[in-house]
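Q: I am new to this structure and would like a close look at a single part. Please start there, then follow the trail outward to whatever else helps me read the model.

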Amino acid sequence: MEPQGYVAEGYGKVADAFATNFAEHGELGAGFSLHVDGELQVDLHAGIAVSADGTPWTDRTLQLVYSTTKGVAAICVGMLRDRGLVDFDRPVEDYWPEFGQAGKERITVGEMMSHQAGLPAVDATLTFDEVMSVGPIVEALAAQMPLWEPGTRHGYHALTYGWLVGELVRRVDGRRINQFLQEEVCGPLDVEFWIGLPESEEPRVSRLEAAPFPTDPAELQQMMEMAGPGTLGGRALFLDGLFAPGSEHGFNDRAVHATEMPGANGITNARSLSRIYAATVAEVDGVRLLSDDTVEAMRAERVRDSDTCLLAETRFGVGFWLDNDTAPMLGAGSYGHPGAGGSLGYADPETGVGYGYLMNQMGNGIAGDPRTIALNDAVRACLP
């Protein structure tokens, strides 16, 4: 696949790594973009957007990025902090009174956003349509008793994180999170990122291709221990089977694209993802999304230990996944978020980098994807 797009002088190794991903790592369709100090240095795309009919990936293709959405949702909360409307050390119930029940009265915003609240799943039985309408899952989370004592451990809130953060934004700002995102981030930056895709944009969305099922017995056992039936990881990742592999509904569905699921259904392109992160560390055409003070507060390590849901070490700040072996970025100070299958967006204040990678062929690992590792290494080699 011949990559199309733009590569600034000195960044040829990044273009080479992007092309090599197609030749050696099973890439189907993908996009990659890099900003440095607010300036676009790389913007590439290649491959197939829809394998069933061979639709090519173009500069207008959009892609669902799973949990890479979480980092953009976190940026929205960070912007509210900069406006003096959110304090990470205050209880969530100060902003969302109904949350303060069933043992959740003292959970702070920072704890909730660093996966310490004990709410990776809900005991209430909800239908697909109820979850898609958002209100019932938010109400269930408000009523839910934590599954562990808040603050004593952390476990990845794979889907529930998004509804928790989305409701926080609504309670503080008055706007739903997608409206806030469109008016405060996408409009000023001239980018495309939706948490609730308009039907008019649906024809542009690439189709996700599931990762091959592992055949190695050790890999299969690891997967079942983490996300098999009855595990906490499985409950968190699939919302008690509602989104499990082979279920009736999946992330290629129009209904899933249309709802607000700020933990998993963001739809964007690489250039937009990179530009959003770039604007958290530098001005991008006059727009800066987060202050230095808020960046420091959000990338300060809150937890780093074995994850109760993922059964691997994860490292989180406030809403951001921090660089570690499970999700390698550019360096120890990088912050952002990976998504299931391999997508990744992050910023690195020390180098001024804003990074965006997305794809439609999902990978299978829970440690760093070889495609993003190769791109990280190439970016590092090209920086001054």
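A: In this predicted model, the hairpin of β8 and β9 has 6 residues between its strands. L311 stands out there for its backbone: its phi is positive, near 60°. The strands themselves run antiparallel, with β8 covering residues 303–306, and 4 bridges join β8 to β9. One bridge can be named: S306 is partnered by E313 in β9.

Now step past the hairpin. F320 sits in the loop between β9 (313–316) and β10 (321–322), while its ring partner Y277 belongs to helix α11 (residues 270–278), so this contact ties together parts that are 43 residues apart in sequence. Before the details of that contact, take the ring pairs as a group.

The structure holds 13 aromatic pairs. One of them joins F128 and F243. Their centres are 6.1 Å apart, and the planes meet at 65°. That makes the pair edge-to-face, because the angle is over 60 degrees. F128 lies in helix α4 (residues 128–132). F243 lies in the loop between α9 (232–238) and α10 (254–258). The two are 115 residues apart, so this pair also links distant parts of the chain. F128 and F243 are both buried.

Back to Y277 and F320. Here the centres are 6.4 Å apart and the angle between the planes is 50°. This pair counts as tilted. Y277 is buried. F320 is buried too.

Rings can also join in a wider group. Y66, F128, F243 and F251 are linked by ring pairs into a cluster. F99 has another kind of neighbour: K104 lies over the face of its ring, 5.1 Å from the ring centre.

Last, a look at a pocket. The second largest one has a volume of about 210 Å³. Its lining counts 18 residues, and those closest to the centre are V134, V138, E167, R170 and R176. Helices α5 (135–143) and α6 (160–173) each supply at least two lining residues. The most come from α6, which gives 6. By class, the lining splits into 7 nonpolar, 4 polar and 7 charged residues.

To retrace the route: begin at L311 in the hairpin, move on to F320 in the loop after β9, and finish at the pocket lined in part by α5 and α6.

Definitions and conventions:
Residues numbered from 1 in each chain as written. Predicted model: local features only at pLDDT ≥ 70, side-chain atom pairs only at ≥ 80, totals over all residues. Heavy atoms only, no water. Phe/Tyr/Trp six-rings, centres within 6.5 Å; stacked < 30°, edge-to-face > 60°. Helix = DSSP H or I, 4+ residues; strand = E, 2+ residues; numbered from the N terminus. Buried < 20%, exposed > 50% of the residue type's maximum accessible area, 1.4 Å probe, protein only. Lys NZ or Arg CZ within 6 Å of the ring centre and 35° of its normal. 1 Å grid on protein atoms, 1.4 Å probe; cavity = no way out; pocket = protein on both sides within 12 Å on 5 of 7 lines; lining within 4 Å. Points joined across faces, edges and corners; volume = space filled by probe spheres on them. Nonpolar A, V, L, I, M, F, W, Y, C, P; charged D, E, K, R; others polar. Pairing = 2+ DSSP bridges.
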